[in-house]
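Visitor: I would like to see the reasoning behind the labels, with each value set against its cut-off. Could you take me through it?

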Amino acid sequence: MAYDPRPVERAIYTRWLDAGVFQPRPDREPYVIVIPPPNVTDILHVGHALNNTIQDVMIRFERMRGRAAEWLPGTDHAGIATQNVMEKRLAAEGKTRFDLGREEFVKRTWDYVRKTGSTIIEQLKIIGCSCDWNRQRFTFDPEYVAAVREVFVRLWEQGLIYRGHRVIHWCPHCLTALSDEEAEHHEADGNLYYIQYPLVDGTGYITVATTRPETMLGDTAVAVNPEDSRGRPYIGKQVTVPIANVQIPVIADESVEKDFGTGFVKVTPAHDANDFEIGRRHKLDMPLVMTEDGRMDPNSPRVPEPLKGLDRFEARKKIVKLLGPLLVKTEPHHHSVRRCYRCDTVVEPRLSDQWFVKMKPLAEPVMRGYEKTEFTIVPDRWRATFENWMDNIRDWNISRQLWWGHRVPVFTCTKCKHQWADRVDPTACPKCGGAVVQDPDVLDTWFSSWLWPFATFGWPQDTPDLRRFYPGHTLVTAPEILFFWVARMLMSGYHFMGNRTPFRTVYLHGTVRDTKHRKMSKSLGNGIDPLDVVKLYGADALRWTLIAGSSLGADVILDPNDLETTFAPGRNFANKLWNIGQFVLGQLPKTVPAIAAVDRRTLTLADRWILSRAQAMIRETTSSLEQFRLDEAAKRCYEFAWNELADWYVEAVKPRLSTGAAPEATAILAYAFDAILRLLHPVVPFITEELWQKLPGRQADDLLAVAPWPAARTEFDDPVADREFSRVKTAIEQIRSIRAEYRVAPKTRLRATIVARGNDRPAMFDGERETIVRLAQLESLALDGGSQGVGAHAVFGDGSEVIVALEGTIDVQQECRRLSDELGRLDQQLTTLAARLTNESFVARAPQDVVAREREKEKAWRDQRTVLAGKLKSLGCS
């Protein structure tokens with residue numbers, strides 16, 4: 001029977017909700033995960049599915065281990081992302097936000113968020129996320145808004161927030177400043193332009209190299225390294241900026257790299273962060289020559305008429321033409337270009353007034369805690385990246401020129417110019433009573449989300465939830481936001497929560513990529529809609545594929561063009577588990593003896609073996625989950641369910657079960673199936689819950705989601721049974737292999753002999769004689785080592801041997817001829833290959849890797865020859 005998840009999943013999720021199993025029990029020790037809040041306008045994508053499935057596996061695991069599992073969900077107001085969505089909607093109406101005004105734009109955004117904000121939350125429920133929905137939060141909840149303002153005001157009072165006039169990253173599309181982390185580096189192929197600047201005294205030219213000739217209109221100096229002999233004679237002279245026709249000095253500055261370009265560097269303080277620092281040191285003018293939307297400023301006296309209002313990249317092309325002979329040469333140049341993390345527009349460095357947070361005082365306590373292992377980062381390979389960023393941390397630009405977001409709570413008196421930060425909106429200046437205006441900017445989205453681990457539990461109030469659930473335990477997220485979010489949460493936690501880390505483990509999982517190893521994204525059109533997968537194959541198939549394909553911190557590779565092949569393993573495993581369940585449930589009486597009541601003296605080798613394997617599975621699965629090796633846990637359960645339980649134990653006990661009088665077998669079968677359902681539940685919760693409900697003895701209100709995690713029982717550990725039944729399995733597999741190798745029809749019964757040697761005892765094979773005969777499809781099985789005539793041999797274990805008689809089963813003479821012909825062809829190939837490898841000219845001239853492959857081929861062919869010769873001997877071929 002094929003498992004149909006459709007009637008199962010929604011009903012089971014509703015039952016979990018009705019029973020309140022996702023709420024933490026008040027009498028248990030907490031285990032806390034806070035969800036990385038998705039953007040409120042987001043729709044579930046496969047990256048969300050991976051991240052949240054991993055979290056759900058961990059929270060279900062700890063819930064079953066008896067912890068008060070608190071997985072706090074919520075959404076982020078997502079300043080730039082949400083504003084971009086709204087501006088696109090307005091553009092479709094032929095309008096901009098400026099047509100509406102700030103108040104109406106914010107009102108419309110709220111209306112949109114209220115209508116669509118729950119979409120992704122409902123989608124998380126569809127894939128089985130067991131969040132504590134009663135504590136769902138939004139970064140614009142009134143209590144959360146108060147927490148954001150409290151943090152800002154405290155940092156202001158502590159002197160950690162300041163107004164800075166400096167070059168920042170500016171997005172000409174979003175029309176806002178960006179932090180260093182939001183202006184992402186992308187490798188790009190561009191050009192390096194060599195431009196001559198005429199010396200004012202008419203004695204010649206100096207040549208500068210630049211990748212952005214459009215910024216030359218804002219040059220206020222040319223700099224050289226004072227140690228560079230090429231530039232030293234020009235220091236103090238004046239040059240003319242081409243096209244702009246302004247005179248600027250040649251200055252000496254040690255920051256200039258002597259090895260880049262010509263050694264002469266144009267200095268544009270308003271449009272380059274490094275040039276800004278040079279400009280400050282030398283007290284240079286800092287004229288802006290571009291508008292906020294990336295056009296050449298029509299009001300700048302430095303911008304000539306042909307360039308006024310041109311887009312910066314169009315202006316670049318125009319300037320290259322206008323330069324004429326002053327453009328000495330153009331070279332291809334591969335370099336890093338920063339792009340906006342939201343809209344992918346090339347970022348423009350721009351001189352601007354912004355609000356900043358001093359980060360070094362916040363980073364130092366975190367690094368002290370890190371050195372004391374108060375929190376750890378998994379996998380270890382991300383530790384060096386984290387350490388480097390924290391040790392070289394720069395101040396954080398927290399202001400954004402947007403309308404949707406937490407408004408900067410800084411107020412200025414229009415009368416006395418007093419400026420302050422306030423927890424509430426003032427009606428008048430506290431010093432002179434004059435009218436006040438609020439700063440127009442909003443805070444960086446991450447400024448609100450860095451408070452997520454404690455603001456969600458009621459901070460700054462001392463709430464019962466805050467006392468119980470802070471600090472948390474595990475943060476599961478992607479490495480892309482290690483600096484955006486994780487590091488900043490650590491800093492806010494240590495600073496505002498009594499020097500305590502917000503979580504003890506940071507697990508950074510991999511990225512979902514396509515078969516070309518490209519990150520899945522809407523822009524590339526290579527994404528997979530998780531809900532499409534759920535519709536086709538069920539949520540469990542989606543979850544299984546993501547977890548089984550996600551080793552510790554490694555990327556997950558999926559094929560968006562072949563969902564059938566990609567998710568078939570998950571669907572097939574669900575079908576297999578379902579069919580195992582149907583068989584097991586069909587064999588169990590209404591009342592099954594408890595496993596503890598089974599008389600172990602009556603157990604067969606197969607019984608002892610499966611009980612021992614179950615204990616190993618419990619230990620290995622538990623250990624893997626504790627170490628975030630979720631794929632290993634899933635695969636160990638798969639191996640037990642599909643191979644050890646279904647393929648071997650169930651097949652071994654079928655005759656006993658068919659008698660209806662095998663209480664030990666039914667008890668063991670029920671125990672083993674119950675154990676595998678519990679261990680698999682965190683990964684595939686729906687099908688395991690459905691099957692577990694049908695086991696004998698279940699009450700109406702019993703739920704696997706809160707059933708105890710199985711503990712290994714040492715009394716069932718049985719290394720002897722492990723070894724001996726493993727030998728039985730191997731004997732059966734060897735016979736099957738011989739059958740396939742000699743093309744014996746499946747229905748043909750064979751005669752076999754097993755000769756036990758070493759630590760292998762005939763008794764262990766004799767005890768499972770019926771199993772061997774039945775599963776290997778034998779006519780007879782001898783254990784006395786007597787001759788079976790012409791046959792095939794295989795050695796296994798401690799030197800034991802299985803011999804399968806083939807005379808009368810196959811045409812031995814025909815098989816001898818076939819094998820002899822095959823051996824002859826192989827000998828010819830070996831002769832030719834050996835001649836090549838003994839040819840000194842070939843070995844000397846051929847590439848080393850080619851010679852190595854030929855030697856490997858020779859070894860493989862000689863091994864194959866040994867096997868063929870052995871077969872000929874065993875068949876008595878002359």
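Visitor: Which residues of α17 are buried?

Guide: In this predicted model, the buried residues of α17 are A539, D540, A541, L542, R543, W544, T545, L546, I547 and A548. Each is called buried because its relative accessible area is under 20%.

Visitor: What makes helix α17 largely enclosed by the rest of the structure?

Guide: Helix α17 covers residues 539-548, and 10 of its 10 residues are buried, so the rest of the structure largely encloses it.

Visitor: Why is Y205 called partly exposed?

Guide: The relative accessible area of Y205 is 45%. Buried would need a value under 20% and exposed one over 50%, so a value in between counts as partly exposed. As for its place, Y205 belongs to strand β8, residues 205-210. Leaving aside neighbours within four places in sequence, Y205 is in contact with Q196, Y197, P198, L199 and L326.

Visitor: How many Å separate the C-alpha atoms of Y205 and T119?

Guide: They are separated by 63 Å, and the two residues are 86 apart along the chain.

Visitor: Now to a charged residue. Why is D441 said to have no salt bridge?

Guide: The nearest side chain of opposite charge is R163, 4.3 Å away from D441. A salt bridge asks for a side-chain nitrogen of Lys or Arg within 4 Å of a carboxyl oxygen, so the pair does not qualify. D441 is buried all the same.

Visitor: Where does D441 lie, and which residues is D441 in contact with?

Guide: D441 lies in the loop between β20 (436-438) and β21 (442-443). Beyond its neighbours within four places in sequence, D441 has contacts with R102, R163, Q354, S399, R400, Q401, R407 and V408. R163 is on that list because contact is judged on heavy atoms within 4.5 Å.

Visitor: And the whole chain: how many helices and strands does the protein chain have?

Guide: There are 28 helices and 29 strands.

Visitor: How do you know that the protein chain is more spread out than a compact globule?

Guide: Its radius of gyration is 36 Å, whereas the globule rule gives 29 Å for 878 residues; the value is well over the rule, so the chain is more spread out than a compact globule. The C-alpha atoms fill a box of roughly 110 × 80 × 55 Å along the principal axes.

Visitor: What share of the 878 residues is buried?

Guide: Buried residues make up 54%. Of the contacts with a separation of 6 or more, 77% come from residues 24 or more positions apart.

Key
Residues are numbered from 1 along each chain as its sequence is written. This is a predicted model: local features need pLDDT of at least 70, side-chain atom pairs count only at pLDDT 80 or more; totals for chains, interfaces and linings use all residues. Side-chain values use heavy atoms; hydrogens and water are left out. Helices (H or I, at least four residues) and strands (E, at least two) are DSSP runs, numbered from the N terminus. Buried means under 20% relative accessible area, exposed over 50%, partly exposed in between (1.4 Å probe, protein chains only). Lys and Arg count as positive and Asp and Glu as negative; His and the chain ends are not counted. The radius of gyration is taken over C-alpha atoms; the globule rule is 2.2 Å times the number of residues to the power 0.38.
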